[in-house]
Amino acid sequence: MKKIWIPQRVYFEPAAMEFPIGKRIGSFCKEHNIPILQTTSHNQVRGIPGKTEKEKFANAKKTLVVGTKKSLKLEVCKPSADYQFSLMTNCPGNCEYCYLYTTQGKKPYVRVYVNTDEIFNTIQKYIQEKAPNTTVFEVASTGDPLSVEHITGSLKETIEYFGTLSYGKLRVVTKFSNVDSILDAKHNGNTRFRFSINSDYVSHNFEHNTDSLQNRLEAAEKIGKAGYPLGFIIAPIMIYTNWKEEYKTLIKMLHEHIHFVENDSITFELIQHRFTKNAKDVILNRYPNTKLDMDEEKRQLKYGKYGRMKYVYPKEEALEIKNYLSDWIMKYFKNAKIEYFT
């Protein structure tokens, strides 16, 4: 069943309601009888109910904070893109392994930004620095914009903005499937729409409050038929009993839904499961009965972004994952491009 997220409370920062997207969100709140509250800043949000950490986390995940994006400096986003920018931060989904726990664990409420014109102006400056070379931007590094598109409409606006550009490309990734509102967007082939997919074991046990794999595959089929360049992120890839059979089944299912798409236009990104010490602590606090395998003795350390240490599979196991999935992808999608394994 498709999951359309409806927040239980919405906080507006000063002046956020004056922007077109802010007004759209305000109308959504009135239509759904959602309480509108005021806050001076997302850092000053008060009144989210809950006595325990678990209760506070659950209620924060049902809270939307509407504001403006203050810092407009874009971060490098390798290997996915040249830069990343944000239409939102955090996500309504509750994936137990979420990498955002490392940086945003203390503020799990969903934030959206209404000053898209300023964001687009910033993007244009970065494009001009590299033109006539193409600059690629990732819009889903800090959250899943499709998950709130029915509230904001900002993803379609962004897709159509990139559709007008000669030297800018957009990349989106999602675990949701409410794509109907963007199927007629004037994307001009400049947005690669990717779906995060995983095996039945991983999806069932760890990806809470997201859309089912079946719904995501059906959405991917719609996106492909709408002419978007299409891609898939298989992440996080985990080793467990019967993992090989389940990932093979996943790739076969994918082929059944998008076999009509030209193989040479499809991309894959393969990401093994990893965690940081900080994220592990947050995960165990919020999901004390988690089935996630975070045994540090079975992993090796790898330097991550900003020098953070993360635990990944040992080289031999990582290579086995890479080769196994790559072989099956090439069997069904002979001319697809595997962009990276990490």
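**Overall form and selected local features of the predicted chain**

The protein chain exposes about 15900 Å², of which carbon and sulfur atoms supply 51%. The model is predicted, and every value below is to be read as computed from that model. The description moves from the chain as a whole to individual residues.

The protein chain contains 11 helices and 18 strands. Its radius of gyration is 20 Å, close to the 20 Å that the globule rule gives for 342 residues, so the chain is as compact as a globular protein of that length. The C-alpha trace spans about 55 × 50 × 40 Å along its principal axes. Of the 342 residues, 56% count as buried. Among the contacts with a separation of 6 or more, 77% are accounted for by residues 24 or more positions apart. As for charge, the chain carries 50 positive and 39 negative charges, and the mean positions of these two groups are 4 Å apart.

Two polar residues in the interior deserve closer inspection. The first topic is N115, which is found in the loop between β8 (110-113) and α4 (116-130). N115 has a relative accessible area of 1%; since the cut-off for a buried residue is under 20%, N115 is therefore buried. Its side chain is not without a polar partner: a polar atom of the N115 side chain lies 2.8 Å from the backbone nitrogen of K69. Leaving aside residues up to four places away in sequence, N115 touches F19, T68 and K69. K69 thus appears both as a residue touched by N115 and as the owner of the backbone nitrogen in the polar pair.

The second topic is R194, found in strand β11 (residues 191-197). R194 has a relative accessibility of 1% and so counts as buried. The R194 side chain makes polar contacts with two other side chains, that of S80 at 3.3 Å and that of E138 at 2.8 Å. Not counting residues up to four places away in sequence, the residues that R194 touches are S80, E138, R171, V172, V173, T174, G231, F232, I233 and E269. This list includes the two polar partners, S80 and E138, and another charged residue of each sign, R171 and E269.

The backbone also has several conformational features to locate. The peptide bond from K78 to P79 is cis, with omega near 5°. P79 is placed in the loop between β4 (75-76) and β5 (83-84). A further cis peptide bond runs from A131 to P132, with omega near 10°. P132 lies in the loop between α4 and β9 (135-138). Helix α4 is thus bordered by the loop that holds N115 and by the loop that holds P132.

Positive phi values occur in residues other than glycine. Phi of A15 is near 75°, and A15 is found in the loop between β1 (9-12) and α1 (20-31). Phi of N90 is likewise near 75°. N90 has its place in the loop between β6 (88-89) and β7 (94-95). With a relative accessibility of 6%, N90 counts as buried.

Conventions:
Residues are numbered from 1 along each chain as its sequence is written. This is a predicted model: local features need pLDDT of at least 70, side-chain atom pairs count only at pLDDT 80 or more; totals for chains, interfaces and linings use all residues. Side-chain values use heavy atoms; hydrogens and water are left out. Helices (H or I, at least four residues) and strands (E, at least two) are DSSP runs, numbered from the N terminus. The radius of gyration is taken over C-alpha atoms; the globule rule is 2.2 Å times the number of residues to the power 0.38. Buried means under 20% relative accessible area, exposed over 50%, partly exposed in between (1.4 Å probe, protein chains only). Contact means heavy atoms within 4.5 Å. Accessible areas come from the Shrake-Rupley method with a 1.4 Å probe; for residues, only the protein chains shown count as cover. The place of a charge is taken as NZ of Lys, CZ of Arg, CG of Asp or CD of Glu. A polar contact is a pair of N or O atoms within 3.5 Å; within protein, one must be able to donate a hydrogen and the other to accept it, and residues adjacent in sequence count only if both atoms are side-chain atoms.
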